[in-house]
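Hi,

Here is the structure I promised to pass on. Have a look at it first, and my notes follow underneath.

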Amino acid sequence: MGTPATAPRKNTVRLGDRVFSGLSKGSGIALLVIMAAIAVFLTIRAAIAIAHNEGNFLTTFQWDANASPPVFGIAVLLFGTVVSSVIAMTLAVPVAIGIALFISHYAPRRLAGIIGYVVDLLAAVPSIIYGLWGALFLVPHMTGLFDWLDRFFGWTGIFAYDGTPARSLMTVGILLAIMILPIITSVTREVFKQTPKAHEEAALALGATRWEVIRMTVLPFGRSGIISASMLGLGRALGETMAVATVLSPSFLINASLLESGGGTFAQNIASQFKEAGSMGRDALIASGLVLFVLTLLVNGAARLIIARRKEYSGSL
Amino acid sequence: MKLGAAAALVSSALLLTAACGSDDNSGLPGAVDFSADHIECAPSGSLLASGSSAQANAMEVWVNTYQANCDDSQINYKATGSGAGIQEFLQGRTAFAGSDSLLGDQELADSRAVCRDGGQAIHLPMAAGPIAIGYNLPGVDDLVLDAPTLALIFDSGITRWNDPAIAALNPGADLPDLPITAFHRSDGSGTTDNLTQYLHGSAPEQWPYEPNKNWTGKGGQAADGSSGLVGMVQQNAGAIAYFELSYAHQNGISTVAIDTGAPEPVAVSVENASSAIAAGEVVGTGGDLALELDYATREPGAYPIVLVTYEIICDKGNNPGTLDLTRAFLGYAAGEEGQGALAEIDYAPIPDGIIEQVRDRVAGMS
């Protein structure tokens with residue numbers, strides 16, 4: 001204040017600056033080291049198991065990792081994980097976009113605040129609660145829907161249903177959709193709110209209706225946000241353990257029908273098999289975990305590619 | 001019923017969260033008396049053991065009774081599951097392991113690395129759990145099945161309750177025309193291992209699969225843990241599943257009596273399970289007390305579907321620091337008082353001829 005600067009500013013390095021830059025650099029490096037350590041650990045243990053595997057790791061429909069010789073394969077788990085996540089995404093993303101648009105552009109301000117708060121609350125429910133709700137409420141109440149699907153679409157084979165308790169990949173997919181709905185909704189809502197007012201007003205000035213405003217400005221602007229939000233949701237769906245283990249009736253078979261029980265997911269299988277696993281059994285489970293790890297990396301990488309490509313069209317910064 | 005199913009599911013889910021065993025952790029029935037007249041205590045110390053969750057309730061009673069009667073003794077048994085317990089034992093981290101299945105050759109060889117004085121691991125049968133076949137069939141209170149029928153039901157060979165094979169075993173019962181939903185464990189389990197040993201041992205034609213901790217039969221549905229199976233049986237009419245006797249008792253589930261070829265069908269009970277073990281024989285050699293049950297026994301009152309749960313110790317001890325306490329604790333558990341406490345909590349005591357050998361082995365650890 002009023003005193004002239006005595007030393008050139010750029011040469012002053014304060015202690016606080018140093019500490020802070022050191023801390024943030026350290027955090028960044030620590031993250032990389034941790035990721036690398038996880039990858040190395042998974043790979044080493046997985047290599048041990050795969051070297052001893054008498055089955056084909058990718059195509060065997062069996063999980064007998066504790067037997068000697070061990071026989072196991074991830075085909076069923078990969079199929080179940082991907083299918084249940086795809087069902088969840090198909091159901092959740094459109095609904096989540098709808099809720100987010102309602103909150104950001106349609107609802108009266110006060111109502112929007114309340115709904116936004118409730119959606120955030122839903123994201124805080126632990127997955128085991130979803131699992132119990134799924135097993136006790138959702139499963140018995142799916143029978144009607146499944147019968148209906150069977151009657152009209154049973155001929156496709158995908159929706160054939162035999163009337164046994166509805167603990168199938170379809171039920172898991174529906175439950176996962178509910179679980180990932182809040183996270184997709186809250187992220188897309190925040191993105192939609194960022195739409196530049198000038199864009200929207202320009203569209204209005206051209207005589208656009210509200211739907212046209214959303215289609216011309218909000219959705220293109222938010223596209224990369226929708227994709228990132230969906231990937232966050234997909235990450236949760238791929239790795240969900242408890243809810244799946246509580247609801248699904250697993251088996252090492254792939255059913256043509258999504259409505260009949262059976263199948264499994266990586267995370268669910270690890271939770272189920274871990275307790276009675278010997279050392280080879282654990283390594284085999286770790287090998288399956290490695291596949292999930294790689295699958296998640298691939299999905300995230302693909303999402304980043306899409307986002308990078310879309311950026312120029314969306315007008316985001 | 002609904003509430004019971006909910007409670008069972010909740011407990012199974014919570015156990016899964018804790019990543020610990022869920023074979024038999026449903027808590028002890030009522031108030032259990034932890035007093036004992038006479039326990040030969042070791043000098044104070046602490047002891048770590050882990051393994052089978054099927055013996056968790058028995059361990060809880062033994063540990064509490066021992067600690068209540070012997071000052072400054074700390075015994076910690078973690079019900080991690082047999083597989084994890086054996087791993088910890090073979091790494092030398094625990095004094096003994098609880099297991100529902102026998103060690104493999106490789107594991108036996110590995111045990112020489114942790115056992116002292118050139119000793120190796122041996123199996124001590126310490127308690128037995130009758131495995132009940134529970135079902136939910138409105139209007140049918142008594143159901144008799146034999147091994148071939150049971151094998152076909154669990155292998156989806158018999159799919160309706162009014163099947164002639166079931167009707168032939170139950171003359172006079174009003175069997176409904178209802179589909180059978182057979183439930184099995186989705187997690188690896190000693191209970192599954194023992195049930196399939198019985199099915200393979202007494203009906204090899206109908207159950208050609210080798211006994212396994214993981215389910216190998218065809219069809220049916222799966223659920224996690226015994227409590228998960230209990231929940232499914234309660235929720236679904238026409239369901240049948242298997243779990244430890246204590247689960248059937250605590251949840252009021254009807255159980256199947258087995259037609260073994262004895263004059264009367266044998267109901268599941270602690271006494272009948274003990275009789276079946278007495279009909280078995282020790283097959284272990286060199287001090288090992290591994291048992292082989294006679295699954296085809298026609299002995300009157302012998303219930304053949306039994307899970308024998310072992311303690312795995314080093315025949316000459318593994319760690320001098322915990323040897324005295326291990327000897328005293330297992331000595332009490334195998335003693336008359338330890339075995340006498342089992343029946344109250346739905347475990348079958350080991351018959352006299354075998355438990356006496358167990359006591360000798362425990363006393364011989366040095």
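Before the details, a word on element names: helices (H or I, at least four residues) are DSSP runs, numbered from the N terminus. Please also keep in mind that this is a predicted model.

With that naming, A:I34 sits in helix α1 of chain A. A:I34 belongs to a nonpolar surface patch of about 450 Å², together with A:L31, A:M35, A:I38 and A:L297. The top contributor to that patch is helix α1 (residues 15–52) of chain A, with 4 residues.

Now for the interface. Chain B brings 35 residues to the contact and chain A brings 25 residues. People often quote the size of an interface as the accessible area lost when the parts come together. Here, the area buried between chain B and chain A comes to about 2400 Å², and carbon and sulfur atoms give 53% of that. Between the two chains I get 0 salt bridges, but there are 7 residue pairs in polar contact across the interface of chain B and chain A (both at pLDDT 80 or more).

Which elements of chain B give two or more residues to the side that touches chain A? They are α1 (2–17), α3 (82–90), β6 (181–185), β7 (221–223) and α8 (225–235) of chain B. The most comes from α1(B), with 7 residues. By class, this side of chain B splits into 18 polar, 13 nonpolar and 4 charged residues.

Finally, salt bridges: the whole structure has 9 over all chains. One pairs B:K218 with B:D155, with the closest N and O atoms 3.7 Å apart. B:K218 is in the loop between α7 (190–202) and β7 of chain B, and B:D155 is in the loop between α5 (147–154) and α6 (164–169) of chain B, so the pair ties together parts 63 residues apart in sequence.

Cheers

Key
Residues are numbered from 1 along each chain as its sequence is written. Chains are lettered from A and ligands numbered from 1 in the order in which they are written. This is a predicted model: local features need pLDDT of at least 70, side-chain atom pairs count only at pLDDT 80 or more; totals for chains, interfaces and linings use all residues. Side-chain values use heavy atoms; hydrogens and water are left out. Contact means heavy atoms within 4.5 Å. Buried area is the accessible area (1.4 Å probe) that two parts lose on being put together, summed over both. A salt bridge is a side-chain nitrogen of Lys or Arg within 4 Å of a carboxyl oxygen of Asp or Glu. A polar contact is a pair of N or O atoms within 3.5 Å; within protein, one must be able to donate a hydrogen and the other to accept it, and residues adjacent in sequence count only if both atoms are side-chain atoms. Ala, Val, Leu, Ile, Met, Phe, Trp, Tyr, Cys and Pro count as nonpolar, Asp, Glu, Lys and Arg as charged, and the others, Gly among them, as polar. Patches are made of residues with over 30% relative accessible area and no salt bridge: like charges are joined within 9 Å, nonpolar side chains (Val, Leu, Ile, Met, Phe, Trp, Tyr) within 5 Å. Accessible areas come from the Shrake-Rupley method with a 1.4 Å probe; for residues, only the protein chains shown count as cover.
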